[in-house]
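Q: Could you take me through the empty spaces closed up inside this protein, one at a time? I'd like a close look at what surrounds them, and then a bit about the parts next door.

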Amino acid sequence: MDVLKGNFKTRQPVVADESKEDLNSQFEREALKRLGGSIAFVSKKKFLFGMNADADSAAAETNRTDAVKSEL
Amino acid sequence: MAKVLFINPLVREEDVPRHIPYGIGLLASIAINAGHQVQIYDANAWRLGDHVLRQVLEADDWDVVATGGITTAYGYIKKICQFADEYAPDALLVAGGGFLTAMPREIMTFLPQVNIGVVGEAFETFNEILAQIDANLLEPAKIAGVIYRTPDGGLELTPPRKLLHDLDTLPYPAYDLLPLEEVYFKNSQALYSEEGMMARQRIDVNGSYGCSLVCKFCFHLGITGDMKYYENDEGETDVVFDAPGSYTRSIRYHSPRYIVDMVKYLHERYAIDFIGFLDENLMTMHRATRGTWLTEICNLWISEGLQPKCVREGVEHDETCKGVHWGGTSHATLCDPEILKHMRQAGCSHLVYGYESFSTQILRRLGKASTPKTNFRSFYWTMESGIRPIPNQIIGFPTEDFDSLRDNMKAWDKLGIIVKPFFATPYPGSAWFHVYKDRILEQYDGDLERYLLELGDATNITAVISENFNSVELYGLRELMVRLDYARLAEYEKQWNLQHPDANAIKKADEAELLRRITKPVVIAA
């Protein structure tokens, strides 16, 4: 996939993977189109369980995750 | 020769990419013709991750990284600027287009990575920048139509760039440098008509620049004679656009021959079967030429063999049809039955009408030169011609009230219009933005950039300028309108009247305009 188009060859090629959207994103986008009534979903981009969260997002999500756990 | 990377920013992420970056395509063509080395990365088309944006910026030793677009692309443009600063630090970062032209000083402040901003039309300005780069002697002060940073950290606007007089001197956009087959043709479907729905190879063409009308919600990108330079209260040169007491216009259009030759070229080269005209208002140009412009385009369309077979033979359109259908924009007051029928004969399948409202008092204050009567009239004429009218609607006008909402609902009911209206949105550069700037800032805690980042295509509420209704009410009212729920609307009106005994939206809106009327002469330094 040649994402750079021009009238000369660049010094370095640009490698763009064909699978530009992961399954999770694809699902959330499709569900969002039909949102309403029984079509509802949890956005995994906005909610991560603390145990699975990576270092960067863990701090931001800790409070929310803890809040949910406290409801259990 | 300069090595140039154009990056088209992501916009309207909620939908698939449907429109080519026409302006970038033109600038790329102009730069190539001037002998420069050019690459385009169409981030909006590809929708790839940040890692690709980084690779693109690191793919070569760019002399210039150029980006820009309309205000709704601001969020991604900001990202491009940050990435360019980090991954192509030696390149000159140039930004332009409507987002920057609307407020050059503010944008250059929000985006400190930008070296030079192109204000207004870039066709000649950008080439002059490249020529200076080529000569290894960058002196932006000598280039008209830019804003640049001075050694003391200030910002300087050079004199305005004159608009290109003869548009036909422009080359065709660099269509070959855009992902037509990979992306755009796959999204050819245009749900405006049966023919648009079945389009397999659709592409955009722009036949004209500007509009003679002065709708208060509209921004003409500073390329239609709408931009004036003046000295602000701080003694700096700045730009001003449409404002009460100050409306100026200079519309321009390609010759019918140029347009039809380009369509013919696209048809032959890419097997195009549908053209979407990007023009602000085709009818303005038709009227400005005393009814000859569209007539000649249609005549040439037919004589050059572009007329669709289904129209020529008077049969229903199907997948075997040959030729090129098209759609564009019209105007309620400026159209007439003869030209509409002629357009249909040439293959026009839909026309977008900004009817906006069916309320007399709303339209009277809009600057659109239309009335409910002309809305109805053009609707019938267009339907009669066989073209689908696309009846755009807006709610949340400054003087919107329950009567105006009901006027819309009755019209929708009568005409069979199925619509979910836009919300009145004061985009930067519009007269509304000029009048309501303080009120907009109040809604964003004084943070103008936050407003820019939130702006979308007006299907959701951003800044409210309605004197009567707040954002919660407007969302609710839109739902009731779409359902033609007159009973619940009346029920809410009763409650609302009790809470607002002294409401007088018209008086408030008129006072707001009076307060922001431009009374002192505006310096036009061209």
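**The cavities and what lines them**

A: Let's start with the smaller story. The second largest cavity has a volume of about 30 Å³. Keep in mind that you're looking at a predicted model, so every value here is computed from it. Around that second largest cavity sit Ile395(B), Gly396(B), Phe423(B), Ala424(B), Ile461(B), Ala463(B), Val464(B) and Leu474(B). Sort that lining by class and you get seven nonpolar residues, one polar and no charged ones. Gly is counted as polar, so Gly396(B) is the polar one in that list.

How many cavities are there in the whole structure? A search for cavities of 30 Å³ or more turns up two. The reasoning behind such a search is simple: rolling a probe the size of a water molecule over the atoms shows where empty space is left.

Now for the largest cavity, with a volume of about 80 Å³. Its lining also comes from chain B: Glu195(B), Met198(B), Ala199(B) and Arg200(B) are among the residues there, and so are Asp273(B), His317(B), Asp318(B) and Glu319(B). Cys321(B), Lys322(B), Gly323(B) and His325(B) belong to the lining too. By class, this lining divides into three nonpolar, three polar and six charged residues. Put the two linings side by side: six charged residues around the largest cavity, and no charged residues around the second largest.

Next, the sheet. In chain B, six strands make an open sheet with parallel pairing, in the order β8-β13-β14-β15-β16-β17. At its edges stand β8 (202–205) and β17 (422–423) of chain B, each with a single partner strand, so one side of each has no neighbour in the sheet. Phe423(B), which you met in the lining of the second largest cavity, falls within the residue range of β17(B).

At the other edge, β8(B) runs parallel to β13 (residues 274–277) of chain B, and four bridges join the two. If you'd like one spot to find on screen, look for Ile203(B), which stands opposite Ile275(B) in β13(B). Lying across β8 and β13 of chain B is helix α10 (residues 256–270), which runs at about 155° to β8(B).

Finally, a quick look at chain A. This chain has two helices and one strand, and from the N terminus on its elements go β-α-α. Of its 72 residues, 22% count as buried. Among contacts in chain A between residues at least 6 apart in sequence, 0% join residues at least 24 apart.

Conventions:
Residues are numbered from 1 along each chain as its sequence is written. Chains are lettered from A and ligands numbered from 1 in the order in which they are written. This is a predicted model: local features need pLDDT of at least 70, side-chain atom pairs count only at pLDDT 80 or more; totals for chains, interfaces and linings use all residues. Side-chain values use heavy atoms; hydrogens and water are left out. On a 1 Å grid over the protein atoms alone, a cavity is a set of points where a 1.4 Å probe fits but cannot get out, and a pocket is an open set with protein on both sides within 12 Å along at least five of seven lines; lining residues have an atom within 4 Å of a point. Grid points are joined across faces, edges and corners, and a volume is the space filled by probe spheres set on the points. Two strands pair if DSSP finds at least two bridges between them. Contact means heavy atoms within 4.5 Å. Axes are lines fitted to C-alpha atoms, for helices over the stretch in contact, and angles run from 0 to 180 degrees between N-to-C directions. Buried means under 20% relative accessible area, exposed over 50%, partly exposed in between (1.4 Å probe, protein chains only).
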